[in-house]
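Welcome, and take a moment to look around before we begin. Let us walk through this structure together, starting with its rings and ending in its loops.

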Amino acid sequence: MNGWGVILRLGTVQAAIGAMVMLATSLLNRVMVVELGLAAAIPAGLVAWHYAVQLSRPLSGHASDRTGRRTPWIVAGMSLLALGSLIAVEAVAALPVGAASQLTTLVLGFTMIGLGVGAAGTALLALLAAAVPPDRRAAAAATTWIMMVAGIAVAAGVAGSLLQPFTFDRLVVVAGGLVAIALAAALAAIVRLERGITVAEPRPAVPFGSALHEVRRDREAVRFTLFVFLSMLAYSMQDLILEPFTGLVFGAAPGQSTQYAGVQHGGILIGMVLAGLGGGRARRRWGLSLQWWTVGGCLGSAIALAGLAGSALAGPPWPIAGNIFLLGLMNGIFAAAAIGAMMELAGTDGSARAGVRMGVWGAAQAFAFGTGGLLGAVITDIARRLLGHDGQAFALTFAGEAGLFLVAALFAVRLPAAARGRPEAGDYQWSASTPSS
């Protein structure tokens, strides 16, 4: 099997993760707010909790380091994610009967979802980091993320069509089928994937505290952790305010605001494709590393957000659709390049420490995602009250995001040597007996 076979199979696992997480963060969110009439804070709090649980990523990553194999942790994580998704769906379906007790069950379900995503996602990225050659890591990051987005989109479209007309019994059946298909696809993709992989020069296992202390003492790893947190915080702060912004400032109807969101995500996918295809080619031809794609994506995102801040003050006829597309494009370039750099840096000391490193960075990303959207919304609400002007309030928030991206770009300029493309290939190697894809 070549590197692309690994990328596509692990991308299939990412797509399955995206499909099942969609149930919790999108479908159940809507059902609880619209069909059940619950306060929006309840599903929002559950989603935030599932991100908080993912702070356990360093622990699960270290556990996969100690075993020396990633597949069991991916399988266990996917199984936990599937079970948690089914528990959450069953709890929502039973909410009209006994809300208090079922809310406790919902917390259990979302806890399992967070633990499953953390365990499977961390082990998957550690395996991808070690198994993919350096010149394909940008493409690997872009491909797996695009496949995850595709998994979310396909699952949402299929589930949406099958849930018409909506009943809670139909919700349970459709969700159960979706989870079963996603889990089966993930298990089929991961089975025997590591059988043809040998680990070069393994390092002796150490206790979790010692492994974590190694990362904390590594100034380059700490700097990269801060970069991940700042950049992903800036990336996620506009999640909950972009559509309200287009409605309040530009008078967009609900359908038009949703179209703007589609424009943004289309830009993200195109940016990821550009970084994925161009990152490896630019590295081979001109020595242009992922570091500079990351810096460029951060700077471009800051420029796009500065444009949105200006549009909030100017209003129509600002080319808002083009501005939103530019933001998505630069976000996509930055995200794909940053994940590729993350994979490179994870394996610099050998694959025996890749799991705990990926776990630390994954925890930083989860914490940023869990707080970014809420922080952006809170800042905007407070500014609207104090300033009494919607445009000025949104301009303040967008300008703050732009500033965060500028700080992230400064961190990216000083990324460690591994992220600048100087390390050798990862220390997983394909043996001659590896089956073809």
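This predicted model holds 12 aromatic pairs. A good one to start with is formed by Tyr235 and Phe334, whose ring centres are 6.0 Å apart with planes at 50°. Planes that are neither under 30 degrees nor over 60 degrees apart count as tilted, so this pair is a tilted one. The two partners come from distant parts of the chain: Tyr235 belongs to helix 9 (residues 219-236) and Phe334 to helix 13, with their positions 99 residues apart. Both Tyr235 and Phe334 are buried.

Stay with Tyr235 for a moment, as this residue also forms an aromatic pair with Phe369. Here the centre-to-centre distance is 6.1 Å and the planes make an angle of 45°, which is again a tilted arrangement. This pair, too, links distant parts of the chain, with Tyr235 in helix 9 and Phe369 in helix 14 (residues 354-387), 134 residues apart. Both Tyr235 and Phe369 are buried. Which residues form one aromatic cluster with them? The cluster is made up of Tyr51, Trp145, Tyr235, Phe334, Phe369 and Phe405.

Next, find Gln264 in helix 11 (residues 254-286). Is Gln264 buried or exposed? Its relative accessibility is 6%, and the cut-off for buried is under 20%, so Gln264 counts as buried. Leaving aside residues up to four places away in sequence, Gln264 touches Gln238, Leu242, Ile324, Leu327, Gly328 and Asn331.

Now let us turn to the loops and the backbone. Most residues other than glycine have a negative phi, and most peptide bonds are trans. With that in mind, look at Arg192, which is not a glycine and yet has a positive phi of about 65°. Arg192 sits in the loop between helix 7 and strand 1 (197-199). With a relative accessible area of 56%, Arg192 is exposed.

Where are cis peptide bonds to be seen? One joins Gln164 and Pro165, with omega at about -5°. Pro165 is part of the loop between helix 6 (137-162) and helix 7 (168-190). Another joins Pro316 and Pro317, and there omega is about 10°. Pro317 is located in the loop that runs between helix 12 (290-314) and helix 13 (320-346). Helix 13 may ring a bell: Phe334, the partner of Tyr235 in the pair we began with, lies in that helix.

Conventions:
Residues are numbered from 1 along each chain as its sequence is written. This is a predicted model: local features need pLDDT of at least 70, side-chain atom pairs count only at pLDDT 80 or more; totals for chains, interfaces and linings use all residues. Side-chain values use heavy atoms; hydrogens and water are left out. Helices (H or I, at least four residues) and strands (E, at least two) are DSSP runs, numbered from the N terminus. Buried means under 20% relative accessible area, exposed over 50%, partly exposed in between (1.4 Å probe, protein chains only). Contact means heavy atoms within 4.5 Å. Rings of Phe, Tyr and Trp (its six-membered ring) pair if their centres lie within 6.5 Å; planes under 30 degrees apart count as stacked, over 60 as edge-to-face and the rest as tilted.
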